[in-house]
Amino acid sequence: MQHIGRLSRRVWQMGLVCLIMATGLMACSSQATPSASSTPTSTTATSDIHKIKHVIVVMQENRSFDSYFGTYPGADGIPMKNGAPSVCINDPKTNQCVKPYHDTQDLNHGGPHGEANAANDINQGKMDGFIGQAEKGKGSCNTPNDPACSVKGQTDVMGYHDGNEIPNYWSYAKNFVLQDHMFEPNSSWSLPSHLFMVSGWSAYCSRPGNASSCTNNNKGPVTLKQANKYTADYAWTDLTYLLHKANIGWAYYVAPGTEPDCEDNAASCQSVKQKAATPGIWNPLPDFDTVKQDGQLKNVQSLDNFYSAAKQGTLPAVSWITPNGKNSEHPPALVSTGESYVTQLVNAVMSGPDWDSTAIFLSWDDWGGFYDHVKPPTVDQNGYGLRVPGLVISAYARQGYIDHQTLSFDAYLKFIEDDFLNGSRLDPKTDGRPDPRPDVRENAAILGNLVNDFDFKQAPRKPLMLSTTPKTS
(Lines give C-alpha, C1' and ligand atoms only; values in the text may rest on other atoms or scores of the structure.)
Protein backbone atom coordinates (compact mmCIF):
# COMPACT_ATOMS: atom_id res chain seq x y z
CA MET A 1 0.00 0.00 0.00
CA GLN A 2 2.85 2.40 0.77
CA HIS A 3 4.37 1.68 -2.64
CA ILE A 4 1.05 2.43 -4.32
CA GLY A 5 0.70 5.65 -2.36
CA ARG A 6 4.18 6.80 -3.39
CA LEU A 7 3.47 5.86 -7.01
CA SER A 8 0.17 7.75 -7.04
CA ARG A 9 1.88 10.85 -5.64
CA ARG A 10 4.53 10.67 -8.34
CA VAL A 11 1.98 10.19 -11.11
CA TRP A 12 0.00 13.17 -9.84
CA GLN A 13 3.09 15.31 -9.75
CA MET A 14 4.29 14.17 -13.17
CA GLY A 15 0.92 15.04 -14.60
CA LEU A 16 1.25 18.53 -13.23
CA VAL A 17 4.75 18.93 -14.56
CA CYS A 18 3.63 17.79 -18.02
CA LEU A 19 0.81 20.32 -17.95
CA ILE A 20 3.20 23.07 -17.09
CA MET A 21 5.48 22.02 -19.94
CA ALA A 22 2.58 21.97 -22.35
CA THR A 23 1.43 25.44 -21.43
CA GLY A 24 4.95 26.83 -21.43
CA LEU A 25 4.32 28.84 -18.29
CA MET A 26 7.36 27.69 -16.38
CA ALA A 27 10.10 25.14 -16.16
CA CYS A 28 9.15 21.78 -14.76
CA SER A 29 11.88 21.34 -12.21
CA SER A 30 10.98 20.11 -8.75
CA GLN A 31 12.62 23.15 -7.19
CA ALA A 32 12.49 26.77 -8.25
CA THR A 33 15.05 29.46 -7.63
CA PRO A 34 13.44 32.39 -5.83
CA SER A 35 13.22 35.31 -8.21
CA ALA A 36 11.05 38.19 -9.21
CA SER A 37 8.02 37.44 -11.33
CA SER A 38 8.90 36.85 -14.97
CA THR A 39 6.02 39.13 -15.93
CA PRO A 40 6.84 42.74 -15.03
CA THR A 41 3.96 45.03 -14.16
CA SER A 42 3.00 47.25 -17.08
CA THR A 43 0.95 50.43 -17.24
CA THR A 44 -1.68 48.55 -19.22
CA ALA A 45 -1.88 45.77 -16.63
CA THR A 46 -2.23 48.35 -13.88
CA SER A 47 -5.15 50.01 -15.64
CA ASP A 48 -6.75 46.65 -16.42
CA ILE A 49 -6.87 45.94 -12.69
CA HIS A 50 -10.28 47.61 -12.72
CA LYS A 51 -11.72 44.54 -14.38
CA ILE A 52 -11.67 43.22 -10.82
CA LYS A 53 -14.80 44.60 -9.16
CA HIS A 54 -14.72 42.34 -6.11
CA VAL A 55 -11.74 41.36 -3.96
CA ILE A 56 -12.22 38.58 -1.43
CA VAL A 57 -9.52 37.82 1.13
CA VAL A 58 -10.02 34.36 2.65
CA MET A 59 -7.82 33.94 5.70
CA GLN A 60 -7.27 30.47 7.16
CA GLU A 61 -5.04 29.52 10.07
CA ASN A 62 -1.62 28.27 11.02
CA ARG A 63 0.16 26.54 8.16
CA SER A 64 3.61 27.16 6.72
CA PHE A 65 4.28 27.05 3.01
CA ASP A 66 6.43 23.93 3.28
CA SER A 67 3.75 22.14 5.33
CA TYR A 68 1.28 22.40 2.42
CA PHE A 69 3.27 23.00 -0.76
CA GLY A 70 6.79 21.91 0.16
CA THR A 71 6.77 19.24 -2.57
CA TYR A 72 4.73 21.12 -5.18
CA PRO A 73 6.53 20.91 -8.55
CA GLY A 74 8.22 24.13 -9.59
CA ALA A 75 7.80 25.86 -6.24
CA ASP A 76 10.55 26.91 -3.85
CA GLY A 77 9.84 23.95 -1.60
CA ILE A 78 11.67 21.65 0.77
CA PRO A 79 15.26 21.13 -0.44
CA MET A 80 15.42 17.74 -2.12
CA LYS A 81 18.07 15.35 -3.40
CA ASN A 82 17.19 12.24 -5.37
CA GLY A 83 13.52 12.74 -4.54
CA ALA A 84 14.01 12.89 -0.77
CA PRO A 85 14.42 15.81 1.65
CA SER A 86 18.06 16.83 1.93
CA VAL A 87 17.65 19.01 5.01
CA CYS A 88 17.19 18.01 8.64
CA ILE A 89 16.74 19.71 12.00
CA ASN A 90 18.14 18.64 15.34
CA ASP A 91 15.74 17.23 17.91
CA PRO A 92 17.03 18.50 21.29
CA LYS A 93 15.43 15.56 23.10
CA THR A 94 17.11 12.82 21.07
CA ASN A 95 19.98 14.77 19.51
CA GLN A 96 18.98 13.24 16.17
CA CYS A 97 18.55 15.17 12.96
CA VAL A 98 14.95 14.90 11.76
CA LYS A 99 14.06 15.35 8.10
CA PRO A 100 10.74 16.66 6.82
CA TYR A 101 8.38 13.75 6.29
CA HIS A 102 5.10 13.10 4.54
CA ASP A 103 2.35 13.37 7.15
CA THR A 104 -0.95 11.80 6.10
CA GLN A 105 -2.73 12.63 9.36
CA ASP A 106 -5.81 14.83 9.09
CA LEU A 107 -5.31 16.17 12.61
CA ASN A 108 -2.07 18.03 13.28
CA HIS A 109 -0.73 19.75 16.39
CA GLY A 110 1.92 22.16 15.15
CA GLY A 111 3.84 24.26 17.64
CA PRO A 112 3.76 27.51 19.61
CA HIS A 113 3.59 30.54 17.37
CA GLY A 114 4.13 33.76 19.25
CA GLU A 115 6.76 36.40 18.60
CA ALA A 116 9.43 34.71 20.74
CA ASN A 117 8.70 31.36 19.09
CA ALA A 118 9.09 32.90 15.64
CA ALA A 119 12.48 34.29 16.59
CA ASN A 120 13.58 30.90 17.91
CA ASP A 121 12.21 29.01 14.92
CA ILE A 122 14.06 31.32 12.53
CA ASN A 123 17.18 31.32 14.74
CA GLN A 124 18.99 34.09 12.85
CA GLY A 125 18.21 32.50 9.51
CA LYS A 126 19.22 28.93 10.37
CA MET A 127 15.53 27.90 10.32
CA ASP A 128 16.17 25.12 12.81
CA GLY A 129 14.22 25.90 15.98
CA PHE A 130 10.88 24.31 15.14
CA ILE A 131 11.26 20.98 16.94
CA GLY A 132 12.78 22.51 20.06
CA GLN A 133 9.99 25.08 20.34
CA ALA A 134 7.29 22.47 19.84
CA GLU A 135 8.80 20.20 22.49
CA LYS A 136 8.88 22.99 25.00
CA GLY A 137 5.16 23.40 24.42
CA LYS A 138 3.32 25.93 26.46
CA GLY A 139 6.34 26.34 28.68
CA SER A 140 7.85 28.45 25.89
CA CYS A 141 4.94 30.90 25.77
CA ASN A 142 5.46 34.45 26.93
CA THR A 143 2.19 34.92 28.77
CA PRO A 144 -0.10 36.71 28.46
CA ASN A 145 0.50 37.65 24.84
CA ASP A 146 1.58 34.42 23.24
CA PRO A 147 -1.10 32.29 21.63
CA ALA A 148 -1.91 28.66 22.17
CA CYS A 149 0.96 26.23 22.23
CA SER A 150 1.31 22.72 20.97
CA VAL A 151 0.39 19.67 22.98
CA LYS A 152 3.05 17.80 24.90
CA GLY A 153 4.59 14.71 23.36
CA GLN A 154 5.89 13.88 19.93
CA THR A 155 5.92 16.85 17.59
CA ASP A 156 4.64 16.87 14.01
CA VAL A 157 6.07 20.24 12.97
CA MET A 158 8.37 18.57 10.40
CA GLY A 159 5.44 16.89 8.67
CA TYR A 160 4.15 18.06 5.30
CA HIS A 161 1.05 17.35 3.22
CA ASP A 162 0.80 16.97 -0.54
CA GLY A 163 -1.85 16.64 -3.23
CA ASN A 164 -3.14 13.43 -1.70
CA GLU A 165 -4.29 15.04 1.56
CA ILE A 166 -5.16 18.50 0.17
CA PRO A 167 -6.17 17.78 -3.45
CA ASN A 168 -8.34 20.86 -3.86
CA TYR A 169 -5.63 23.26 -2.70
CA TRP A 170 -3.21 21.65 -5.14
CA SER A 171 -5.84 21.82 -7.88
CA TYR A 172 -6.24 25.55 -7.26
CA ALA A 173 -2.47 25.91 -7.54
CA LYS A 174 -2.43 23.85 -10.74
CA ASN A 175 -5.24 25.81 -12.39
CA PHE A 176 -4.67 29.30 -11.01
CA VAL A 177 -1.75 30.95 -9.14
CA LEU A 178 0.45 29.70 -6.31
CA GLN A 179 2.57 32.26 -4.44
CA ASP A 180 5.67 30.64 -2.98
CA HIS A 181 7.09 33.73 -1.26
CA MET A 182 4.07 34.94 0.65
CA PHE A 183 5.21 35.90 4.15
CA GLU A 184 3.14 36.61 7.21
CA PRO A 185 3.29 40.42 7.52
CA ASN A 186 4.69 40.24 11.05
CA SER A 187 6.64 37.67 13.02
CA SER A 188 3.98 36.82 15.56
CA TRP A 189 0.58 35.18 16.07
CA SER A 190 -3.02 35.54 14.88
CA LEU A 191 -4.18 38.86 16.35
CA PRO A 192 -1.29 41.02 15.07
CA SER A 193 -1.52 39.24 11.72
CA HIS A 194 -5.23 40.03 11.37
CA LEU A 195 -4.58 43.62 12.40
CA PHE A 196 -1.98 43.93 9.66
CA MET A 197 -4.43 42.36 7.22
CA VAL A 198 -6.95 45.20 7.63
CA SER A 199 -4.72 48.11 8.67
CA GLY A 200 -1.05 47.50 7.85
CA TRP A 201 -0.05 47.81 11.52
CA SER A 202 -0.29 46.29 15.00
CA ALA A 203 -0.12 48.72 17.89
CA TYR A 204 -1.09 49.34 21.50
CA CYS A 205 -3.03 52.54 22.22
CA SER A 206 -2.59 53.79 25.77
CA ARG A 207 -5.44 56.31 25.50
CA PRO A 208 -8.68 55.03 23.97
CA GLY A 209 -9.72 56.99 20.92
CA ASN A 210 -6.36 58.75 20.64
CA ALA A 211 -4.35 57.60 17.61
CA SER A 212 -1.29 59.57 18.71
CA SER A 213 -1.07 57.34 21.81
CA CYS A 214 -0.60 54.19 19.73
CA THR A 215 2.83 52.57 19.85
CA ASN A 216 4.18 49.72 17.80
CA ASN A 217 3.35 46.28 19.23
CA ASN A 218 4.22 43.11 17.36
CA LYS A 219 3.35 40.68 20.16
CA GLY A 220 -0.29 41.68 20.30
CA PRO A 221 -1.72 44.98 21.55
CA VAL A 222 -4.02 43.21 24.01
CA THR A 223 -4.07 39.81 25.64
CA LEU A 224 -6.24 37.05 24.30
CA LYS A 225 -8.62 37.44 27.23
CA GLN A 226 -8.93 41.19 26.64
CA ALA A 227 -9.41 40.76 22.91
CA ASN A 228 -12.32 38.45 23.56
CA LYS A 229 -13.97 40.59 26.23
CA TYR A 230 -14.55 43.87 24.40
CA THR A 231 -11.74 45.81 26.09
CA ALA A 232 -9.57 46.32 23.02
CA ASP A 233 -9.35 49.76 21.42
CA TYR A 234 -7.67 50.19 18.05
CA ALA A 235 -7.39 53.92 17.48
CA TRP A 236 -5.12 53.91 14.42
CA THR A 237 -6.37 54.01 10.85
CA ASP A 238 -7.52 50.92 8.99
CA LEU A 239 -8.44 50.36 5.36
CA THR A 240 -12.19 50.62 5.96
CA TYR A 241 -11.69 54.31 6.74
CA LEU A 242 -10.36 54.95 3.23
CA LEU A 243 -13.02 52.76 1.68
CA HIS A 244 -15.79 54.58 3.53
CA LYS A 245 -14.45 58.00 2.49
CA ALA A 246 -14.47 56.85 -1.14
CA ASN A 247 -17.94 55.28 -0.84
CA ILE A 248 -16.55 51.83 -1.57
CA GLY A 249 -18.54 48.96 -0.10
CA TRP A 250 -16.90 46.39 2.15
CA ALA A 251 -17.82 43.51 4.43
CA TYR A 252 -16.04 41.39 7.00
CA TYR A 253 -17.72 37.99 7.11
CA VAL A 254 -17.37 35.94 10.29
CA ALA A 255 -18.10 32.23 10.51
CA PRO A 256 -20.07 31.73 13.72
CA GLY A 257 -18.70 29.13 16.12
CA THR A 258 -15.63 29.24 18.32
CA GLU A 259 -12.01 30.38 18.27
CA PRO A 260 -9.28 27.84 19.09
CA ASP A 261 -6.50 30.17 20.25
CA CYS A 262 -6.47 30.33 24.04
CA GLU A 263 -4.14 31.47 26.78
CA ASP A 264 -2.91 28.00 27.67
CA ASN A 265 -3.34 25.17 25.17
CA ALA A 266 -5.12 25.07 21.82
CA ALA A 267 -5.85 21.38 22.10
CA SER A 268 -7.60 21.40 25.44
CA CYS A 269 -8.67 24.91 26.45
CA GLN A 270 -12.26 26.04 26.79
CA SER A 271 -13.51 27.38 23.49
CA VAL A 272 -14.26 31.07 23.07
CA LYS A 273 -17.53 31.80 21.29
CA GLN A 274 -17.34 33.75 18.06
CA LYS A 275 -19.97 35.59 16.07
CA ALA A 276 -20.07 38.71 13.93
CA ALA A 277 -20.90 41.00 16.85
CA THR A 278 -18.12 39.55 19.00
CA PRO A 279 -14.75 41.31 18.66
CA GLY A 280 -11.85 38.92 18.93
CA ILE A 281 -8.48 37.82 17.66
CA TRP A 282 -9.88 36.92 14.21
CA ASN A 283 -12.51 39.65 14.21
CA PRO A 284 -10.74 42.89 15.16
CA LEU A 285 -12.71 45.44 13.11
CA PRO A 286 -15.49 46.02 15.69
CA ASP A 287 -12.81 47.39 18.01
CA PHE A 288 -11.48 49.89 15.46
CA ASP A 289 -12.54 53.47 16.24
CA THR A 290 -12.94 54.18 12.55
CA VAL A 291 -15.53 51.45 12.07
CA LYS A 292 -17.57 52.66 15.02
CA GLN A 293 -17.27 56.36 14.14
CA ASP A 294 -18.22 55.71 10.52
CA GLY A 295 -21.32 53.81 11.60
CA GLN A 296 -20.16 50.66 9.81
CA LEU A 297 -20.35 48.04 12.53
CA LYS A 298 -23.12 46.41 10.52
CA ASN A 299 -20.56 45.63 7.80
CA VAL A 300 -19.09 43.02 10.12
CA GLN A 301 -21.62 40.27 9.59
CA SER A 302 -22.37 36.58 9.56
CA LEU A 303 -20.87 34.36 6.90
CA ASP A 304 -24.41 33.40 5.85
CA ASN A 305 -24.68 36.82 4.24
CA PHE A 306 -21.66 36.08 2.09
CA TYR A 307 -23.31 33.08 0.52
CA SER A 308 -26.43 35.13 -0.18
CA ALA A 309 -24.43 37.96 -1.75
CA ALA A 310 -22.43 35.54 -3.90
CA LYS A 311 -25.61 33.90 -5.15
CA GLN A 312 -27.39 37.16 -5.85
CA GLY A 313 -24.44 38.97 -7.41
CA THR A 314 -24.33 41.61 -4.68
CA LEU A 315 -20.84 41.07 -3.31
CA PRO A 316 -19.26 44.28 -2.00
CA ALA A 317 -16.08 45.61 -3.56
CA VAL A 318 -13.95 44.30 -0.68
CA SER A 319 -14.61 41.27 1.50
CA TRP A 320 -12.65 39.56 4.23
CA ILE A 321 -13.69 36.11 5.41
CA THR A 322 -12.59 34.68 8.74
CA PRO A 323 -13.28 31.08 9.83
CA ASN A 324 -14.35 29.49 13.08
CA GLY A 325 -12.28 27.07 15.12
CA LYS A 326 -13.68 23.97 13.44
CA ASN A 327 -13.05 24.96 9.83
CA SER A 328 -9.98 27.13 10.35
CA GLU A 329 -7.26 24.46 9.96
CA HIS A 330 -5.81 25.81 13.19
CA PRO A 331 -4.57 22.71 15.03
CA PRO A 332 -6.27 20.61 16.20
CA ALA A 333 -8.94 21.40 13.57
CA LEU A 334 -8.96 18.88 10.74
CA VAL A 335 -7.22 19.80 7.51
CA SER A 336 -10.01 18.20 5.47
CA THR A 337 -12.70 20.26 7.22
CA GLY A 338 -10.90 23.49 6.42
CA GLU A 339 -10.33 22.55 2.79
CA SER A 340 -14.00 21.62 2.41
CA TYR A 341 -15.06 24.97 3.91
CA VAL A 342 -12.76 26.94 1.60
CA THR A 343 -14.03 24.97 -1.40
CA GLN A 344 -17.59 25.91 -0.44
CA LEU A 345 -16.59 29.58 -0.40
CA VAL A 346 -14.88 29.38 -3.78
CA ASN A 347 -17.70 27.37 -5.34
CA ALA A 348 -20.21 29.95 -4.12
CA VAL A 349 -18.36 32.69 -5.99
CA MET A 350 -17.80 30.58 -9.08
CA SER A 351 -21.49 29.67 -9.35
CA GLY A 352 -22.63 33.27 -8.93
CA PRO A 353 -22.84 36.17 -11.38
CA ASP A 354 -19.81 37.98 -9.93
CA TRP A 355 -17.26 35.28 -10.82
CA ASP A 356 -15.99 37.05 -13.96
CA SER A 357 -15.11 40.17 -11.98
CA THR A 358 -13.76 38.67 -8.75
CA ALA A 359 -10.30 37.97 -7.34
CA ILE A 360 -10.03 35.57 -4.40
CA PHE A 361 -6.85 35.82 -2.33
CA LEU A 362 -6.42 32.79 -0.07
CA SER A 363 -3.78 32.56 2.64
CA TRP A 364 -3.08 31.36 6.21
CA ASP A 365 -2.52 33.91 8.96
CA ASP A 366 0.69 32.47 10.44
CA TRP A 367 2.95 29.45 10.22
CA GLY A 368 1.50 27.65 13.26
CA GLY A 369 4.89 26.37 14.38
CA PHE A 370 5.30 24.19 11.28
CA TYR A 371 8.67 23.94 9.53
CA ASP A 372 9.61 26.21 6.65
CA HIS A 373 13.08 26.44 5.15
CA VAL A 374 13.04 30.02 3.79
CA LYS A 375 14.48 32.79 5.93
CA PRO A 376 12.02 35.73 6.04
CA PRO A 377 13.35 39.00 4.65
CA THR A 378 13.65 41.97 7.00
CA VAL A 379 11.39 44.82 6.01
CA ASP A 380 11.14 46.92 9.16
CA GLN A 381 10.94 46.37 12.90
CA ASN A 382 7.84 44.20 12.48
CA GLY A 383 8.42 41.81 9.64
CA TYR A 384 8.18 39.93 7.62
CA GLY A 385 7.24 36.77 9.49
CA LEU A 386 7.51 33.18 8.34
CA ARG A 387 6.32 31.98 4.96
CA VAL A 388 2.70 30.89 4.49
CA PRO A 389 0.83 29.50 1.47
CA GLY A 390 -0.79 31.97 -0.91
CA LEU A 391 -3.23 31.30 -3.75
CA VAL A 392 -4.97 33.57 -6.26
CA ILE A 393 -8.22 32.29 -7.75
CA SER A 394 -9.88 34.37 -10.45
CA ALA A 395 -11.31 34.25 -13.95
CA TYR A 396 -8.30 36.39 -14.93
CA ALA A 397 -5.66 34.51 -12.92
CA ARG A 398 -2.80 33.01 -14.87
CA GLN A 399 -3.10 29.27 -15.25
CA GLY A 400 -0.54 27.10 -13.46
CA TYR A 401 1.56 30.15 -12.61
CA ILE A 402 3.95 30.23 -9.66
CA ASP A 403 4.58 33.73 -8.42
CA HIS A 404 8.07 34.04 -6.92
CA GLN A 405 7.69 37.69 -5.90
CA THR A 406 8.24 38.62 -2.26
CA LEU A 407 4.76 39.20 -0.87
CA SER A 408 2.89 39.68 2.39
CA PHE A 409 -0.65 40.62 3.35
CA ASP A 410 0.42 44.21 2.68
CA ALA A 411 0.10 43.25 -1.00
CA TYR A 412 -3.65 42.75 -0.47
CA LEU A 413 -3.95 46.29 0.86
CA LYS A 414 -1.89 47.57 -2.05
CA PHE A 415 -4.04 45.77 -4.64
CA ILE A 416 -7.28 47.03 -3.08
CA GLU A 417 -5.95 50.59 -2.88
CA ASP A 418 -4.79 50.49 -6.50
CA ASP A 419 -8.05 48.98 -7.72
CA PHE A 420 -10.62 51.03 -5.79
CA LEU A 421 -8.80 54.04 -4.28
CA ASN A 422 -6.64 55.35 -7.14
CA GLY A 423 -3.50 54.24 -5.35
CA SER A 424 -4.18 56.03 -2.06
CA ARG A 425 -2.28 54.49 0.84
CA LEU A 426 -2.67 54.11 4.58
CA ASP A 427 -0.19 56.94 4.90
CA PRO A 428 -0.39 59.28 7.91
CA LYS A 429 0.84 62.13 5.69
CA THR A 430 -1.98 61.82 3.18
CA ASP A 431 -4.91 59.79 4.52
CA GLY A 432 -6.41 62.60 6.63
CA ARG A 433 -6.17 60.65 9.87
CA PRO A 434 -2.54 60.63 11.04
CA ASP A 435 -1.18 57.95 13.33
CA PRO A 436 2.41 57.18 14.39
CA ARG A 437 2.89 53.98 12.38
CA PRO A 438 6.60 53.48 11.59
CA ASP A 439 6.20 53.21 7.81
CA VAL A 440 3.79 52.74 4.91
CA ARG A 441 3.94 49.03 4.38
CA GLU A 442 2.30 49.04 0.94
CA ASN A 443 5.22 51.11 -0.37
CA ALA A 444 8.00 48.76 0.77
CA ALA A 445 10.48 48.39 -2.07
CA ILE A 446 10.68 44.64 -1.62
CA LEU A 447 6.92 44.10 -1.84
CA GLY A 448 5.70 42.55 -5.10
CA ASN A 449 2.60 43.51 -7.04
CA LEU A 450 -0.34 41.12 -7.22
CA VAL A 451 -1.26 42.52 -10.64
CA ASN A 452 1.42 40.18 -11.99
CA ASP A 453 -0.73 37.19 -11.10
CA PHE A 454 -3.38 38.15 -13.64
CA ASP A 455 -3.70 38.05 -17.42
CA PHE A 456 -6.32 40.68 -18.13
CA LYS A 457 -6.01 40.14 -21.89
CA GLN A 458 -7.38 36.62 -21.70
CA ALA A 459 -11.09 35.92 -21.87
CA PRO A 460 -12.52 35.29 -18.40
CA ARG A 461 -11.90 31.67 -17.53
CA LYS A 462 -14.68 29.24 -16.74
CA PRO A 463 -15.29 28.24 -13.12
CA LEU A 464 -13.54 25.21 -11.69
CA MET A 465 -16.13 23.66 -9.42
CA LEU A 466 -14.54 21.15 -7.05
CA SER A 467 -16.07 18.61 -4.73
CA THR A 468 -16.28 19.65 -1.10
CA THR A 469 -15.50 16.04 -0.20
CA PRO A 470 -12.60 15.24 -2.53
CA LYS A 471 -11.09 11.79 -2.65
CA THR A 472 -7.85 11.49 -0.73
CA SER A 473 -5.31 8.71 -0.76
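This report walks through a predicted model of one protein chain, from its overall make-up to a few details of its backbone.

## The chain as a whole

Let's start with the broad view. The chain is built with 13 helices and 19 strands. It has 473 residues, and 62% of them count as buried. About 17600 Å² of the chain is exposed, with carbon and sulfur atoms supplying 51% of that area.

How do contacts in the chain spread along the sequence? Taking contacts between residues at least 6 apart in sequence, 82% join residues at least 24 apart.

## Inside the nonpolar cores

The largest nonpolar core holds 104 residues, and the ones with the most contacts inside it are F69, F306, W320 and F361. Helix α12 gives the most to this core, with eight residues. Alongside it there is a second, separate core of 12 residues, which includes M127, V157, M158 and L386.

F69 is a good residue to look up in the structure. Setting aside its neighbours within four places in sequence, F69 is in contact with A75, Y169, W170, A173, L178, P389 and L391.

## Two cis peptide bonds

Now for the backbone. Most peptide bonds are trans, and most residues other than glycine have a negative phi. With that in mind, here are some spots to visit.

The peptide bond from P331 to P332 is cis, with omega near 10°. You can find P332 in the loop between β15 (318-322) and α12 (335-350). Another cis peptide bond runs from G383 to Y384, where omega is near 5°. Y384 sits in the loop between β16 (358-364) and β17 (387-394).

## Two positive phi angles

N123 is a residue other than glycine with a positive phi, near 50°. Its place is the loop between α4 (115-122) and α5 (130-136). Is N123 buried, partly exposed or exposed? Partly exposed is the class for N123, because its relative accessibility is 27%, and that class lies between the 20% and 50% cut-offs.

E329 also has a positive phi, near 70°, and is likewise a residue other than glycine. Its home is the loop between β15 and α12, the loop in which P332 lies too. E329 has a relative accessible area of 0%, so it counts as buried.

Methods. Residues numbered from 1 in each chain as written. Predicted model: local features only at pLDDT ≥ 70, side-chain atom pairs only at ≥ 80, totals over all residues. Heavy atoms only, no water. Helix = DSSP H or I, 4+ residues; strand = E, 2+ residues; numbered from the N terminus. Buried < 20%, exposed > 50% of the residue type's maximum accessible area, 1.4 Å probe, protein only. Contact = heavy atoms within 4.5 Å. Areas by Shrake-Rupley, 256 points an atom, 1.4 Å probe, with all protein chains shown as cover. Core = buried A, V, L, I, M, F, W, Y, C linked by side-chain atoms within 4.5 Å.
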